[in-house]
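Hi everyone, thanks for making the time. I'd like to walk you through one structure today, going from its charged pairs to its interior. Please have a look at it first.

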Amino acid sequence: MITDNETATSPTSETALSPAQAEELWSAVGRLIDRDYETLAPDEIADLALAVPALLPPDVRRRIVDYRRNAPNGDVLLLHGFLPEGITLPPTVEAPFAPVSGPAQTAALLLAGVMSLFGEPFTYSSLYKGRLVQNMVPVPTMEFTQTSQSSRGMLDWHVEDGFRDDRCDYAGLLCLRGDPSGASQYAQAKDLRLAPEVMATLRQTRFHVKPDPAHTLPADTPRRQIAVLTGSESAPEIIYDTHHIGPIDDADTEAADALRELHAGLDEVRISHVMSPGDLLIFDNKRVVHARTPFTARFDGTDRWLMRVMVCGSAVTFRRWGRRVPD
């Protein structure tokens with residue numbers, strides 16, 4: 001773990017599987033898949049994933065539950081060793097919604113299963129064709145976009161789907177292939193050290209956020225009006241997206257200045273981690289913003305490949321939607 005600034009006061013919780021534990025877990029999860037994973041509907045994947053938590057090593061499961069209940073060391077959990085040694089993965093897929101094969105199917109179910117400890121895995125019909133477990137991979141012509149399909153450009157600070165009032169509570173990223181240049185970065189809202197007047201401005205509903213370009217939505221989708229910071233001072237929640245948030249009033253220079261101060265403040269408390277195969281990074285999407293540094297994609301089947309699952313932590317909210325893939 002590399003901490004870019006020693007003022008980042010909340011260390012990330014970390015734990016690891018042993019090689020023997022990873023091998024046993026991988027084999028057990030693989031046996032759960034009794035037909036082609038790609039033929040399963042999102043609800044079927046989620047139902048099958050419910051068997052995974054019981055297969056986790058007890059100490060790892062306890063650490064995950066402790067993080068979910070208490071977040072004792074901060075709002076991010078980093079787990080290591082989820083891929084067995086010597087496993088042969090298929091080539092990196094070419095799109096977030098691309099079908100996966102072989103061991104990548106086991107990885108997808110494993111990720112969905114771990115994330116089921118936090119609530120209900122879900123996605124949106126407008127995002128990557130409604131795929132429950134998504135591939136975070138570089139895509140040609142998308143190198144400089146502000147999406148997970150970028151590579152050569154910096155993917156700047158954001159929360160997942162901040163333009164929605166039903167954005168996920170938690171997100172999990174499982175690394176199948178890493179890249180030494182493509183570091184995941186994250187910053188916790190509670191670590192921010194901003195002037196009181198800046199914090200006060202960010203707590204007012206003087207901002208709006210436009211839809212994430214990864215979603216397929218009508219051009220006239222309205223911007224959501226928000227306060228950037230909400231909640232208690234000790235455990236604040238945050239909505240931020242470097243390129244898609246701004247003052248509601250273009251003449252509100254105080255709000256614009258507060259956003260610039262916030263961006264600089266996030267940089268000051270950021271933590272960076274280069275994801276290695278088998279790393280699973282889980283973060284509280286209400287209290288953490290994240291980013292990714294540039295890397296050079298080769299588009300030859302060996303590029304960086306992460307899988308993502310988003311979770312709704314509230315059973316009441318999930319039942320209110322009435323489906324796992326809401327519009």
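**Salt bridges, a buried arginine and a cavity**

Let's start with Arg324, which forms a salt bridge with Asp43, where the closest N and O atoms are 2.7 Å apart. This pair links distant parts of the chain: Arg324 sits in the segment after helix H7 (315-321), Asp43 belongs to helix H2 (residues 42-49), and 281 residues separate them. Before I go on, please keep in mind that this is a predicted model.

How do the two partners compare in exposure? Arg324 is buried, at 7% relative accessible area, while Asp43 is partly exposed, at 42%. There is a third member here too, since a network of salt bridges links Asp43, Glu120 and Arg324.

How many salt bridges are there in the whole structure? A search finds 16. I'll pick out two further ones.

One of them is between Glu160 and Arg308, with the closest N and O atoms 2.9 Å apart. Glu160 lies in the loop between S6 and strand S7 (170-177), and Arg308 lies in strand S17, so this pair ties together parts that are 148 residues apart in sequence. Glu160 is buried, with a relative accessible area of 6%, and Arg308 is buried as well, at 5%.

The other is between Arg298 and Asp303, whose side chains meet at 3.7 Å, N to O. Here Arg298 is partly exposed, at 42% relative accessible area, whereas Asp303 is buried, at 3%.

Now for an arginine without such a partner. Arg292 lies in strand S16 (residues 288-292). It is buried, yet it has no salt bridge. Why not? A salt bridge needs a side-chain nitrogen of Lys or Arg within 4 Å of a carboxyl oxygen of Asp or Glu. For Arg292, the nearest side chain of opposite charge is Asp179, and that is 8.5 Å away.

So what does the side chain of Arg292 reach? It reaches the backbone oxygen of Ser151, at 3.4 Å. There is also a polar contact of 3.2 Å between the side chains of Arg292 and Ser150. Leaving aside neighbours within four places in sequence, the residues in contact with Arg292 include Thr147, Gly153, Met154, Leu155, Gly182, Ala183 and Arg304.

Let's follow that list to Thr147. You'll find Thr147 in the loop between strand S5 (134-136) and S6. Is Thr147 buried or exposed? Thr147 is buried, with a relative accessible area of 4%. Its side chain makes a polar contact of 3.0 Å with the side chain of Thr145. Not counting residues up to four places away in sequence, Thr147 touches Tyr128, Met142, Leu155, Pro213, Ala214 and, as we just heard from the other side, Arg292.

Last stop, the cavities. The structure holds two cavities of 30 Å³ or more, and the largest has a volume of about 330 Å³. Of the 28 residues lining that largest cavity, the closest to its centre are Met136, Ser148, Leu155, His158 and Arg308. Some of these names are familiar by now: Arg308 is the salt-bridge partner of Glu160, and Leu155 is among the residues that Arg292 contacts. Which strands supply at least two residues each of the lining? Strand S6 (155-158), S16 and strand S17 (305-312) each do.

That's my tour. I'm happy to go back to any of these spots with you on the screen.

Definitions and conventions: Residues numbered from 1 in each chain as written. Predicted model: local features only at pLDDT ≥ 70, side-chain atom pairs only at ≥ 80, totals over all residues. Heavy atoms only, no water. Helix = DSSP H or I, 4+ residues; strand = E, 2+ residues; numbered from the N terminus. Buried < 20%, exposed > 50% of the residue type's maximum accessible area, 1.4 Å probe, protein only. Lys, Arg positive; Asp, Glu negative; His and termini not counted. Polar contact = N/O pair within 3.5 Å; in protein donor to acceptor, adjacent residues only side chain to side chain. Contact = heavy atoms within 4.5 Å. 1 Å grid on protein atoms, 1.4 Å probe; cavity = no way out; pocket = protein on both sides within 12 Å on 5 of 7 lines; lining within 4 Å. Points joined across faces, edges and corners; volume = space filled by probe spheres on them.
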